[in-house]
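The following note is meant for a colleague who is opening this structure for the first time. The points are numbered so that each can be read beside the model.

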Amino acid sequence: MKRLTAFTVLSWLVLHITGAGATVRSVAGGQEPSPERTQPPSADGKLNIIAFGAHPDDCDQRAGGIAAKYAALGHRVRFVAVTNGDAGHQTEGGGALAARRRGEAREAGRRIGIEYIVLDNHDGELLPSLNAREQIIRQVRQWKADLVLAPRPNDYHPDHRYTGALVQDAAYMVVVPNVAPDTPALRKNPVFMYFQDGFQKPNAFSPDIAVSIDDVIERKIDMMDAHVSQMYEWLPWVAGTLDKVPKDAAARRRWLRETRADAPTSAVRAALVKWYGAERGNAVRHAEAFEICEYGTRPDETTIRKLFPFLP
Ligand SMILES: [Zn+2]
């Protein structure tokens, strides 16, 4: 059902009349349009971080913890779901599911104080097309990103794989003015990094940076808890554990905490020790780790410390 309220129309007019550079995209299935803010320049000393996941909930699991830490320090974080998630359910689908997941993503972002954008590409059908590449380029440019996070292009799910490939394909083009010329090119290429994953072929994830998220693990779980259609319905159904999900909201959130707050792998533990020292690094219970992409700007240690201001 299309919901175009007077408030929505007024917001659209205000955004355009004030020339704030904001745009409103119409979305598939007739959902409510979502405003896309143009960010202030990063000259205010705050970082602009953007993360791409294939589906609404992917970024949360890989970078929800550091996103909460950035937000707490006043830095700007945008999570982008490259597909609208309209295939991710056992009994729902299409525009109604996309609208539900868009709402869940907004709520997840609200809970930790970040922006969450859902792009209008169908779930399960993402391809490394020129059109999709330009969508990524525009997002990175609009956000004036200092750091771009994305999956590696080795993954069982084609949407994950192609999200990784699309971001790699954008990793130089964001500075080329003749590409997607409707959105001004960046003068400085951001740093690109990969999320952690467990795939071994052709090569395993190699954690260059590992961050303790012990102080924000409950906020990360709160964020994931907002994706009700995924955490408590679709993912347990796929895993054959739907009967294990508690019905009560508080009980299922505890269940999520017990089943989703993983301990660091041995490789991530080694990276924690490198950055935090042996005593602190070995005491970390929950972490998020990132591998530097060879494309984009290659950061030295000073740049890494600037991009991850919560490292000791
Ligand atoms: Zn996914």
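1. A convenient place to begin is Gly296, which, once its neighbours within four places in sequence are left aside, is in contact with Ala171, Asn189, Pro190 and Phe192. Gly296 belongs to strand β9, which covers residues 287-296, and with a relative accessible area of 25% Gly296 is partly exposed. Between the C-alpha atoms of Gly296 and Gln168 the distance in space is 8.6 Å, although 128 residues separate the two in sequence.

2. Please keep in mind that this is a predicted model. The protein has 312 residues, of which 50% count as buried, and its secondary structure comes to eleven helices and nine strands. If one takes the contacts between residues at least 6 apart in sequence, 78% of them join residues that are at least 24 apart.

3. Which residues coordinate the zinc ion? The donor atoms come from His55 (ND1), from Asp58, which appears twice through OD, and from His160 (NE2), at 2.1 to 2.4 Å. Along the chain these donors follow the spacing H-x2-D-x101-H, and both His55 and Asp58 are buried. The arrangement is irregular because the four donor atoms subtend angles of 56 to 131° around the zinc ion, whereas a tetrahedral arrangement would need all angles to lie between 85 and 135 degrees.

4. Asp57 deserves a separate look, since its phi is near 135°, a positive value in a residue other than glycine. Asp57 is found in the loop between β3 (48-53) and α2 (58-72), and with a relative accessible area of 3% Asp57 is buried.

5. Ala180 likewise is not a glycine and yet has a positive phi, of about 45°. Ala180 lies in the loop between α5 (158-173) and β7, where, at 4% relative accessibility, Ala180 counts as buried. In the loop that runs between β7 (191-195) and β8 (209-212) one finds Pro202, and the peptide bond leading from Lys201 to Pro202 is cis, with omega near 0°.

6. Helix α3 (residues 94-112) packs with helix α6 (residues 217-225) at an angle of about 160°, their axes being 8 Å apart, and α3 and α6 are therefore roughly antiparallel to each other. The crossing of these two helices, α3 and α6, is right-handed. On the α3 side the meeting residues are Ala108, Gly109, Arg111 and Ile112, and on the α6 side they are Arg219, Asp222, Met223 and Asp225.

7. Helix α3 also holds Ala105, which is buried, with a relative accessible area of 0%. Apart from neighbours within four places in sequence, Ala105 is in contact with Pro56, Tyr116, Val118 and His227. The C-alpha atoms of Ala105 and Ala81 are separated by 8.8 Å, and the two residues are 24 apart along the chain.

8. How do helix α7 (residues 228-239) and helix α8 (residues 249-260) cross? Their axes come within 11 Å and cross at roughly 65°, so α7 and α8 are roughly perpendicular to each other, and the crossing of α7 and α8 is left-handed. The contact is made by Val228, Met231, Tyr232, Leu235 and Pro236 of α7, together with Arg252, Arg253, Trp255, Leu256 and Arg260 of α8.

Key: Residues are numbered from 1 along each chain as its sequence is written. This is a predicted model: local features need pLDDT of at least 70, side-chain atom pairs count only at pLDDT 80 or more; totals for chains, interfaces and linings use all residues. Side-chain values use heavy atoms; hydrogens and water are left out. Donors are N, O and S atoms within 2.8 Å of the metal (3.2 Å for Na, K and Ca); water is not among the atoms, so sites may look incomplete. Four donors count as tetrahedral if all angles lie between 85 and 135 degrees; four count as square planar and six as octahedral if opposite donors are over 155 degrees apart and all others between 65 and 115; anything else is irregular. Buried means under 20% relative accessible area, exposed over 50%, partly exposed in between (1.4 Å probe, protein chains only). Axes are lines fitted to C-alpha atoms, for helices over the stretch in contact, and angles run from 0 to 180 degrees between N-to-C directions. Helices (H or I, at least four residues) and strands (E, at least two) are DSSP runs, numbered from the N terminus. Angles under 35 degrees count as roughly parallel, over 145 as roughly antiparallel, 65 to 115 as roughly perpendicular and the rest as oblique. A crossing is left-handed if the near helix is turned anticlockwise from the far one by less than a right angle, and right-handed if clockwise. Contact means heavy atoms within 4.5 Å.
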